[in-house]
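User: I am new to this structure. Please take me through some of the terms used for it, and the reasons behind them.
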Amino acid sequence: MRKILITGGAGFIGSHLVRHFVNKYPNYNIYNLDCLTYAGNLANLSDIENKSNYKFIKADITSESDVFSLFEIEKFDAVIHLAAESHVDRSIANPMAFIHTNLVGTVNLLNAARKSWGSDLNGKLFYHVSTDEVYGSLNDIGLFTENTSYDPRSPYSASKASSDHFVRAWHHTYGLPVVISNCSNNYGPNQFPEKLIPLFINNILNNKPLPVYGKGENVRDWLFVLDHTVAIDTIFHKGRIGETYNIGGHNEWKNIDLIKLLCSIMDKKTGRNPGTSESLITYIKDRAGHDLRYAIDASKIQNELGWKPSVTFEQGLEITVEWYLNNKEWLESVTSGEYQKYYDNQYIKR
Ligand code: NAD
Ligand code: TYD
């Protein structure tokens with residue numbers, strides 16, 4: 001039985017990845033380490049919580065003693081590291097939390113893996129899950145490749161870029177077997193309603209304004225979360241040690257065009273008159289330092305490892321909307337309490 005530690009497995013992408021590994025690989029023992037911040041939710045994993053090859057560990061990656069003793073006891077063979085503070089707007093409001101978790105937490109895990117594995121590196125792997133935002137912002141043309149220079153511009157992307165550098169440094173200096181992937185914007189079921197798509201679905205359901213930053217002309221490259229989990233699986237098993245792989249959907253959308261598509265799907269699925277959701281669009285003050293455009297060149301993973309996205313954006317968005325409509329209790333549970341305070345600070349008092 002291979003022992004695999006997945007960090008951040010109660011979050012959006014992590015929960016899909018944990019489910020995928022637990023179900024697809026009964027010969028792997030999957031350990032999900034998560035400290036359950038506002039973004040972590042064990043309800044995301046209720047369908048697999050009793051599987052014999054799954055174990056949840058509540059711990060904080062920034063706690064050196066907890067992380068080291070866990071590696072000592074469990075003797076993991078591999079790590080897939082997703083735990084992070086992940087939202088740009090929160091990083092603008094509170095950058096220190098991002099430095100602490102994304103940087104200190106990552107280095108803690110690197111040190112613990114290094115100590116635990118020693119010189120016996122056969123079959124060992126430290127897989128670091130990162131973002132395309134480390135590359136900065138593009139103008140109208142060009143794509144991020146694996147050779148694009150790092151140019152992070154938000155506290156979130158700067159913290160992720162730093163963590164990528166530390167992962168590479170542990171590979172080059174200490175010989176730790178690592179691989180890194182940098183993925184574009186994900187969307188899908190279970191995404192916390194602070195990111196664009198679930199926030200707007202939730203607001204439409206509650207007839208609240210849809211707060212579009214600036215003129216809505218920023219461009220993002222969207223990938224369905226289950227396509228990301230398959231990409232991670234592919235890189236985990238077939239990626240070359242020390243390499244970086246960009247993951248993206250070849251699916252660029254101007255925010256305002258995406259929002260209008262989402263509005264029309266919401267009208268259709270909720271039986272509202274066409275145009276009802278769109279009438280909620282409200283342009284508000286732009287995000288500070290708002291990156292104009294992200295777009296990924298995913299040819300390396302496609303050509304080398306044979307991965308490509310499996311669903312179109314329209315299909316993925318329909319699946320996503322249906323999931324939120326069928327899981328209103330999930331939405332209500334994560335938007336009660338603290339969420340309201342966050343929402344007021346971010347959108348009402350700004
Ligand atoms: P998320 O915010 O939904 O989940 C993060 C998880 O990490 C949560 O379960 C949270 O409880 C946990 N966590 C946070 N701090 C922790 C700590 N100190 N100790 C232990 N657990 C902690 O994030 P996500 O969207 O699922 O992103 C997962 C990873 O993928 C992140 O590393 C992110 O940078 C990267 N990524 C995300 C996207 C995207 O579009 N969401 C795109 C590319 C890369
Ligand atoms: P987001 O989902 O926060 O992801 P990221 O900032 O990592 O790309 O935002 C996606 C895009 O949507 C980004 O250009 C900012 C914009 N946006 C809004 O216009 N309004 C909002 O309320 C949010 C959350 C995002």
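Analyst: Start with the aromatic residues. Tyr38, Phe192, Tyr213, Tyr339, Tyr342, Tyr343 and Tyr347 form one aromatic cluster. Keep in mind that this is a predicted model. The structure holds 25 aromatic pairs.

User: What makes tyrosine 38 and phenylalanine 192 an aromatic pair, and why is the pair called edge-to-face?

Analyst: Take the distance, then the angle. The ring centres of tyrosine 38 and phenylalanine 192 are 5.1 Å apart, and the cut-off for a pair is within 6.5 Å. Their planes stand at 80°. Over 60 degrees counts as edge-to-face, so the name fits.

User: Why is this pair said to tie together parts that are 154 residues apart in sequence?

Analyst: Because the two residues sit in separate loops. Tyrosine 38 is in the loop between strand 2 (28-34) and strand 3 (54-58). Phenylalanine 192 is in the loop between strand 7 (185-187) and helix 6 (196-205).

User: How do you know whether tyrosine 38 and phenylalanine 192 are buried or exposed?

Analyst: Compare the relative accessible areas with the cut-offs. Phenylalanine 192 has 9%. Buried means under 20%, so phenylalanine 192 is buried. Tyrosine 38 has 28%. That value lies between 20% and 50%, so tyrosine 38 is partly exposed.

User: What is the geometry of tyrosine 324 and tryptophan 330?

Analyst: Their ring centres are 6.1 Å apart and their planes are at 75°. The angle is over 60 degrees, so this pair is edge-to-face. Both residues are buried.

User: What lies over the face of tyrosine 38?

Analyst: Arginine 90, at 3.6 Å from the ring centre. The distance limit for a charge over a ring is within 6 Å. Elsewhere, arginine 114 lies over the face of tyrosine 174, at 3.6 Å from that ring centre.

User: Why are helix 8 and helix 10 called oblique?

Analyst: Helix 8 (residues 255-270) and helix 10 (residues 313-326) pack at an angle of about 50°. Roughly parallel needs under 35 degrees, and roughly perpendicular starts at 65. The angle falls between these, so the helices are oblique to each other. Their axes are 10 Å apart, and the crossing is right-handed. Among the residues that meet are Leu258, Leu261 and Ile265 in helix 8, with Phe313, Leu317 and Val321 among those in helix 10.

User: What makes lysine 215 count as exposed?

Analyst: Its relative accessibility is 65%. Exposed means over 50%, so lysine 215 qualifies. Lysine 215 is found in the loop between strand 8 (210-213) and strand 9 (219-224). The C-alpha atoms of lysine 215 and isoleucine 284 are separated by 8.3 Å, and these residues are 69 residues apart along the chain.

Methods:
Residues are numbered from 1 along each chain as its sequence is written. Chains are lettered from A and ligands numbered from 1 in the order in which they are written. This is a predicted model: local features need pLDDT of at least 70, side-chain atom pairs count only at pLDDT 80 or more; totals for chains, interfaces and linings use all residues. Side-chain values use heavy atoms; hydrogens and water are left out. Rings of Phe, Tyr and Trp (its six-membered ring) pair if their centres lie within 6.5 Å; planes under 30 degrees apart count as stacked, over 60 as edge-to-face and the rest as tilted. Helices (H or I, at least four residues) and strands (E, at least two) are DSSP runs, numbered from the N terminus. Buried means under 20% relative accessible area, exposed over 50%, partly exposed in between (1.4 Å probe, protein chains only). A charge sits over a ring if NZ of Lys or CZ of Arg is within 6 Å of the ring centre and within 35 degrees of the ring normal. Axes are lines fitted to C-alpha atoms, for helices over the stretch in contact, and angles run from 0 to 180 degrees between N-to-C directions. Angles under 35 degrees count as roughly parallel, over 145 as roughly antiparallel, 65 to 115 as roughly perpendicular and the rest as oblique. A crossing is left-handed if the near helix is turned anticlockwise from the far one by less than a right angle, and right-handed if clockwise. Contact means heavy atoms within 4.5 Å.
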